[in-house]
Amino acid sequence: MSGQVRTTTGSRHVRASSVPYGEEPALGPTNAGAMDYERLVYLRQHHPAWLLLAADSAPLVVGFLHRCFIEPNVRTIREHDLIVKLDDYLHDVRQLVGEDAFPRPAAEYLRDWTSDQRGWLRRYYPEGSDEPHFDLTPAAERAVRWVIGLDGRLFVGTESRLKLVFDLLSEIAR
């Protein structure tokens, strides 16, 4: 354990990160896919899906991406069309939460969402086109689908508990 510091949190021991912030921890064969502390810190700070879920604007972004890409099962949208859709969506949100909410123009949000810091959309030029198109990144799609799944999860737990009650009642009746 040379060079590694152990800190105590309550009665648990947590290994402090030996990797400087901004650098990805080594993911060699010994810890590939590991969910240790330093790997989770790195993912929280850098993974686009986690950044989307943690963003203050997550309800806006997730709702919009769901409406434009996931729900209609659309893979790519022309820039002009996406700006119009986002303008409409921003208008609807502002009607709900106030005119001061999300004050930037739609094109500026799209630029932000395609930036290296976000990585939620990809802006590209398809072959033979001089107009940019957008598609949803896999990380953003994963985050949106995870949020969608939150609604159904409450039922699964209730259903399994109800089944357990019926099974126990059947067993008692025997």
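Helix α3, covering residues 58-70, and helix α4, covering residues 79-97, are a good place to start in this predicted model. Their axes come within 11 Å and cross at roughly 130°. That angle makes α3 oblique to α4, and the crossing is right-handed.

Now look at the residues where these two helices meet. On the α3 side you will find Pro59, Leu60, Gly63, Phe64, Arg67, Cys68 and Phe69. Across from them, α4 brings Leu82, Lys85, Leu86, Tyr89, Leu90, Asp92 and Val93. Sorted by class, this contact has 10 nonpolar residues, one polar residue and three charged ones.

Next, follow the chain further along to Thr137, which sits in the loop between strand β5 (133-136) and helix α6 (138-173). Is this residue buried or exposed? Thr137 has a relative accessibility of 14%, so with a cut-off of under 20% it counts as buried. Leaving aside residues up to four places away in sequence, Thr137 touches Gly119, Trp120, Leu121 and Arg122. With Gly119 there is a polar detail to look for: a polar atom of the Thr137 side chain lies 2.8 Å from the backbone oxygen of Gly119.

Finally, step back to see the whole protein chain. Its secondary structure comes to six helices and five strands, and reading along the sequence gives the pattern β-β-α-α-α-β-α-α-β-β-α. Of its 174 residues, 27% count as buried. Among contacts in the chain with a separation of 6 or more, 44% are between residues 24 or more positions apart.

How values were computed:
Residues are numbered from 1 along each chain as its sequence is written. This is a predicted model: local features need pLDDT of at least 70, side-chain atom pairs count only at pLDDT 80 or more; totals for chains, interfaces and linings use all residues. Side-chain values use heavy atoms; hydrogens and water are left out. Axes are lines fitted to C-alpha atoms, for helices over the stretch in contact, and angles run from 0 to 180 degrees between N-to-C directions. Helices (H or I, at least four residues) and strands (E, at least two) are DSSP runs, numbered from the N terminus. Angles under 35 degrees count as roughly parallel, over 145 as roughly antiparallel, 65 to 115 as roughly perpendicular and the rest as oblique. A crossing is left-handed if the near helix is turned anticlockwise from the far one by less than a right angle, and right-handed if clockwise. Contact means heavy atoms within 4.5 Å. Ala, Val, Leu, Ile, Met, Phe, Trp, Tyr, Cys and Pro count as nonpolar, Asp, Glu, Lys and Arg as charged, and the others, Gly among them, as polar. Buried means under 20% relative accessible area, exposed over 50%, partly exposed in between (1.4 Å probe, protein chains only). A polar contact is a pair of N or O atoms within 3.5 Å; within protein, one must be able to donate a hydrogen and the other to accept it, and residues adjacent in sequence count only if both atoms are side-chain atoms.
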